[in-house]
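I wanted to look through this structure one feature at a time and keep short notes on each. My entries follow.

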Amino acid sequence: MSAWDEAPSTRWRWPRLRVRPALKVLAFCVALGLWQGSAVRLTQLMRPHPGPWAPAFIWELTSAVTVGLLLPLLMTAVLNAPSPRVGWPRFLGIHAAAFLLFTSLHVAGMAGLRHAVYAVLELGDYDLGPPVYALPMEAQKDLISYGLSCAVIALLYEWRERQARALRSAELEGELRAAQLQSLTGQLHPHFLFNALHTIGSVMYEDLPRTDRLLSDLGQLLRASLERTEPTWTLAEERGHTERFVALLAARFGDRLEVRWDVAPGLESQRVPCFALQTLVENAVKHNQDRVGTLEVRIRARAEADRWALEVEDTGRGFGAPSPASGPGVGLTQLGRVLTLLHGDRARLERGAGPEGGARVTAWLPRREAGS
């Protein structure tokens, strides 16, 4: 599925212009103008009185160069007009308005350039012709130029998007494998596994149902880390996975850990990176494991316009304070990279402080419509 097959965004998109590609396009327009000018001149030479050679080249060069200068307008129209399969009214409306602006600026631009060049070369006054005939004639030619240019621009954008998607997919596959390995390594860490098994062993003779649940939670955590191949899953699946992880932590820390959930209705089907919440909750507990009082971890999900936020906040020591956890702390960095690979600049990871001084991490994600 391409960008033009998705639901139209409310945000207006603008093309990115670079100097070297723009100069190459302008050079191509000059070459095209010279080529078309030579064709017009050859047509003139077949007549008994061909006239001077310069006007033919001036006409075509000024027309081609003006089209080249107006290409950003066409690029903007292509970027913001969805596929007709998504929305015909928006598609036709944007292209109709862009074409009217394009042909008006094209006629005005090339007429102004021709007047200036005629004056410099002392060819007299340039006459476009009676507007009642000249403007419809130019509009008909511009319709062909507009359609062909937009088609080429759309194909180039589609090609570039497919190349970027292929590159992101390859990078994301590597990131996902690293995330799975990190998650599995953390769960199989000797201290984690020892503590989990020790907790299970301490209750197995007193509470067999709880022992079964803990063993089941541990097994499903390990299975998810090994078998998960997709980079994302639903928030409901992520919550189920995180609740199993929290159950093992709660069995170890008891009343010293309290987790609260606040998920807005309708967000359970939104997609999140696998193990995102587990990473955030694990960080909160790891950096506050020496806390004497109760550590409260609050997990929230809320919607805002065309995006939504997944937030984890704790009542611990916060960012910047000395932590008992060792290691480089790559969990948040890796999660930020996964968000970028999945959604580009439409997603971001924010770090801050909660109202009680603890750490707060918010992942902003683009909101998907139901059924998409």
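I began with V312, which stands opposite V361 in β7; strands here are DSSP runs of E with at least two residues, helices are runs of H or I with at least four, and both are numbered from the N terminus. I noted that this is a predicted model, in which local features need pLDDT of at least 70, side-chain atom pairs count only at pLDDT 80 or more, and totals for chains, interfaces and linings use all residues. Residues are numbered from 1 along each chain as its sequence is written, and side-chain values use heavy atoms, with hydrogens and water left out.

Next I looked up the pairing of β5 (residues 307-314) with β7 (residues 359-366), which is antiparallel over seven bridges; two strands count as paired if DSSP finds at least two bridges between them.

I then checked what packs on the sheet. Helix α8 (residues 235-253) touches β2, β4 (295-304) and β5, and its direction makes about 165 degrees with that of β2. Contact means heavy atoms within 4.5 Å, and angles run from 0 to 180 degrees between N-to-C directions of lines fitted to C-alpha atoms, for helices over the stretch in contact. Helix α9 (residues 276-286) touches β2, β4, β5 and β7, at about 150 degrees to the direction of β4.

For the sheet itself, I found five strands in the open order β2-β4-β5-β7-β6, with mixed pairing. Its edge strands, β2 (257-263) and β6 (348-353), each pair on one side only.

Last, I read that UniProt, in an unreviewed entry, lists residues 21-37, 57-79 and 91-113 as "transmembrane region"; such annotations may be inferred rather than shown by experiment. Residues 21-37 are 100% helix, with end C-alpha atoms 24 Å apart.
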